[in-house]
Amino acid sequence: MDDAAPNLDSLDAVAGDARILSKRVKDGVVTLVVDVTALDGARRAALESDLKTAAMAIAGVGDVRVAMTASQRARKLIAVASGKGGVGKSTLSANLAIALARAGRVVGLIDADVYGPSQTKLLGTDERPTANDKTLNPVAAHGIRFLSMGQLVSAGHALAWRGPMATGALAQLMEADWGDCDLLVVDLPPGTGDVQLSLVQKSRPDGAVVVSTPQAMSLIDATRAIDLFGKVSVPVLGLVENMAGYTCPHCGEQSDPFGCGGAEDAAAELGIPFLGRIPLDPAVREASDAGLPPAASDGAQSEAFARIAQKLLQALETAPA
Ligand SMILES: Nc1ncnc2c1ncn2[C@@H]1O[C@H](COP(=O)(O)OP(=O)(O)OP(=O)(O)O)[C@@H](O)[C@H]1O
């Protein structure tokens, strides 16, 4: 800024929690670069308007341009996948996100399951996200924030989307105002087809969790999911065995309708971490159907999810960047 230029010092006070990184003036046009990392979407928009008004009031200023920048947060994206449907991927995604939040992380959950978005039901809320301009504001539930592809279309509308539509919708959800979330859990659609591949390519997760039931058919599918992440160099953080071991609520007898331990053996064979198992427990289904995720309360199921969350955090720390 030369000596004859308008004095812009007063603008620093207007910036408040944000920081003006540079102020330039040329031919009466002021250009400000502002670090807005500390502000959410609504406060950023208000600050831009306040700065313009304040700068225009300074003698010699004819126009104002404000460039906003936010330093990259160290936010990690974790994809939850399964080779086939119905193995409990969405149940795990919701409860894992809540268990991670209870472990002290700030967690967002994205329901990218185009074929059957179910997180609004699992989290027990019909609240629709609001938006600032085109930026969505995630909905809060059970200590996490979430957005679902199901919120982008009217209820019951079939989401027979092809790759480009699904990746466009996922991008919109990822670019939402996630604020200070340091972990984003993405519930992918089941399977290993083109839609799943393009969603993974587009979102470039930092790591993936694969869910399987213990029986062989499901494990073959889980192995396909692991291959899919290998193709695009996304580290598999671990395998979770769901619906393992059943304790009869009436007689207490232990049985293994889908087998037990298959996923742990498969993880060892494939050289990936085994993150733990969730028993087949009618209480998990009942609580899930009621929109009360078991991980949000206390008890055996909640502890199982908490243990998996701890192992996942360890795997994330040691995963290749
Ligand atoms: N450990 C468990 N014990 C009992 N029921 C479970 C368990 N895990 C999941 N379920 C139930 O199994 C059903 C399928 O679970 P979920 O919807 O999470 O699977 P999914 O793999 O995400 O399915 P989709 O392929 O449809 O997305 C649900 O009714 C859920 O409540």
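Start at the ligand: select the 20 residues that surround it (C-beta atom, placed from the backbone, within 6 Å of the ligand). The closest are Gly-85, Gly-88, Lys-89, Ser-90 and Thr-91. You're in a predicted model, where local features need pLDDT of at least 70, side-chain atom pairs count only at pLDDT 80 or more, and totals for chains, interfaces and linings use all residues. Residues are numbered from 1 along each chain as its sequence is written.

Now colour that shell by class: six residues are nonpolar, 10 polar and four charged. Here Ala, Val, Leu, Ile, Met, Phe, Trp, Tyr, Cys and Pro count as nonpolar, Asp, Glu, Lys and Arg as charged, and the others, Gly among them, as polar. Helix H3 (89-102), strand S12 (236-244) and helix H9 (282-289) each supply at least two shell residues; helices (H or I, at least four residues) and strands (E, at least two) are DSSP runs, numbered from the N terminus.

Next, select helix H5. Ala-166, Leu-170 and Leu-173 are buried there (20 or more other C-beta atoms within 10 Å of the residue's own, these atoms being placed from the backbone). Look down the axis of H5: the buried residues fall within an arc of 55° (directions from the axis to the C-beta atoms), so they line one face. Turned away from that side are Pro-164, Gly-168 and Ala-171, which are exposed (12 or fewer such atoms).

Last stop, the whole protein chain: colour domain 1 (11-69) and domain 2 (76-318), bounds that come from an automatic or database domain assignment. Their centres, taken over C-alpha atoms, are 41 Å apart.
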